[in-house]
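User: I would like to learn how to read an interface between two chains. Could you take me through one?

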Amino acid sequence: MLRRQVSHSRRAFLGGTASLLGLCAAGCGETEPPTYGNLLRMGDLLTYKAHRLLLPEHSMAREYTLAELSPAPAIGTVNPADSGGHRFHEEHGPRYERLRAGGFADWALTVEGAVARPQAFSLAALERLPRRTQVTRITCEQGWTAIVEWTGVTLRGVLEATGMLPTARYVQFHAYDHTADGIDMLDALHPQTILAFGMNGRPLELSHGAPLRLRVETQLGYKSIKYLRRIVVTERFDDNGNDGDIRNGWSWYAGI
Amino acid sequence: MSDPVTSSTGGGDAPRLRPHAGWVRTCHWSLLAFVLLLAMSGSIILKSHPRLYWGEAGNDLMPALLELPISDNHRPDGWVTTARFDELPGAPISAWRDYPIYNHNHWARSLHFLAGWLLVTTLTLYALLALRTGHLWRNLLPRLRDLRWQALRQELRKHLLAADVEVGPPYGQLQRVAYTGAVFVALPLMLLSGLTMAPAITAAWPGLLDLFGGYQSARTVHFAGFLLLVLFALVHVGMVVRTGLWRQLRAMLLGR
């Protein structure tokens, strides 16, 4: 889950390749993950398309018993308020520190975009939505796994509460630690895709994304971003620029 | 495409030999290229978490079945415990890693999958052609009636000690066992154990997790399969050198 910025020479190479081959970048970007003319991204897109074509929709990831809980590392992130952190955001970092000092009483998740009723959910408001508890396996992209019990509300419940428009196709997530990522509507509406505020029967730890994080059980861990701040429902694909996976060299789809 | 039997032109010094068909030569070098790409990118992925486990869960906070000395990424003292989820000893804990690690998985995994797609395509094509041309039965599959320990041992003796080893095609029994094992057993096993590491795929086909006994078991089997393929490559290249490197290279490159 630890991200590394792609070096400048690599960026330049990608840029050059993109300008040669990437004529479709502008057009493709509207409805599906763009490849920017990059061979590796073309492979990622092939895998994504194959999964969507061949795998049955909304298959449930395996769930475990509480007896199978394992130690759970927290990696790739630091306290969003840590000004020395590699993902520190000048505005959101200090704000996160104030919210955390107040026990997240003033914290709220904004949901906007292609929804009929854009709104902000406090933790108390979220807890009134359809809840779900699941013991699932974190599958880190590095190769380690952990079994954890998560408690939260289904993303589907949140989207329904805000009156998601029928034209909506993607859901984007923005975090306090200057991270942004997105998933398609199929994964967004998956019964196990939740916004978790509890871990192993306790409020979410700082290291695991307090007060609220995403859990996408059908993708690698790095898609389940922590410290949620804002959700934007979109009709078009959004690569989230330099905060997103693709520009940082990572595959946008990580169902693998 | 020429049938290796009807176009037999055997060389002067080895009249029994038939040239490798064009499609065999093309598949051979393509498979080699893709397997090399997979081995290279796979090693880079493994370096980011060079520990192997058995079962479903495995991470830095748990004991490993095997620790590979290929990177400095596992430092037991580099973790800050942030939570203990029960008072009992052995209760699940969470800890935060506070040191940077080697991780180039962004491009390495995308390359691994790109090469994987190419390998699977080539392998399928190869299997279909081998079936259609009769190459599979005539040259590749071990002759069942001769598949006896005694006979194999005798042939192994010959491979190691005899002054002149027959090269084929048609292949000897040991060659048949090795080629069939590498192409139709080891490579498909790599594919299956690889797929078992994909959360979206095991959600659709949870039987894969049962087949290997969990995610981490599949990952360990994936590594064992890699070692088997390395062993095959060493023996294969060893025998090529022993039976005439230039003659063999010319046969596999030019078909004569």
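Analyst: Start with a single pair. This is a predicted model, and in it the side chains of Arg62(A) and Asp210(B) form a salt bridge, with 2.9 Å from N to O.

User: How many salt bridges does the rule find across the interface of chain A and chain B?

Analyst: The rule accepts a side-chain nitrogen of Lys or Arg within 4 Å of a carboxyl oxygen of Asp or Glu. Across this interface it gives three salt bridges. For polar contact, the count between chain A and chain B is 27 residue pairs, both residues at pLDDT 80 or more.

User: Which elements of chain A supply at least two residues of the side that touches chain B?

Analyst: They are helix H3 (39-54) and the strands E1 (72-74), E4 (131-139) and E5 (145-154) of chain A. H3(A) gives the most, with nine residues. Sorted by class, that side of chain A has 29 nonpolar, 20 polar and ten charged residues.

User: How many residues does the contact take from each chain, and what is the area buried between them?

Analyst: Chain A contributes 59 residues and chain B 48 residues. The buried area is about 4,400 Å², and carbon and sulfur atoms give 60% of that area.

User: Which strand of chain B is joined to E1(A), and do the two run parallel or antiparallel?

Analyst: Strand pairing is read from bridges, and at least two are needed. Here three bridges join E1(A) to strand E4 (residues 93-97) of chain B, and the two strands run parallel. Within this pairing, Ala72(A) stands opposite Ser94(B) of E4(B).

Terms used
Residues are numbered from 1 along each chain as its sequence is written. Chains are lettered from A and ligands numbered from 1 in the order in which they are written. This is a predicted model: local features need pLDDT of at least 70, side-chain atom pairs count only at pLDDT 80 or more; totals for chains, interfaces and linings use all residues. Side-chain values use heavy atoms; hydrogens and water are left out. Contact means heavy atoms within 4.5 Å. Buried area is the accessible area (1.4 Å probe) that two parts lose on being put together, summed over both. A polar contact is a pair of N or O atoms within 3.5 Å; within protein, one must be able to donate a hydrogen and the other to accept it, and residues adjacent in sequence count only if both atoms are side-chain atoms. Helices (H or I, at least four residues) and strands (E, at least two) are DSSP runs, numbered from the N terminus. Ala, Val, Leu, Ile, Met, Phe, Trp, Tyr, Cys and Pro count as nonpolar, Asp, Glu, Lys and Arg as charged, and the others, Gly among them, as polar.
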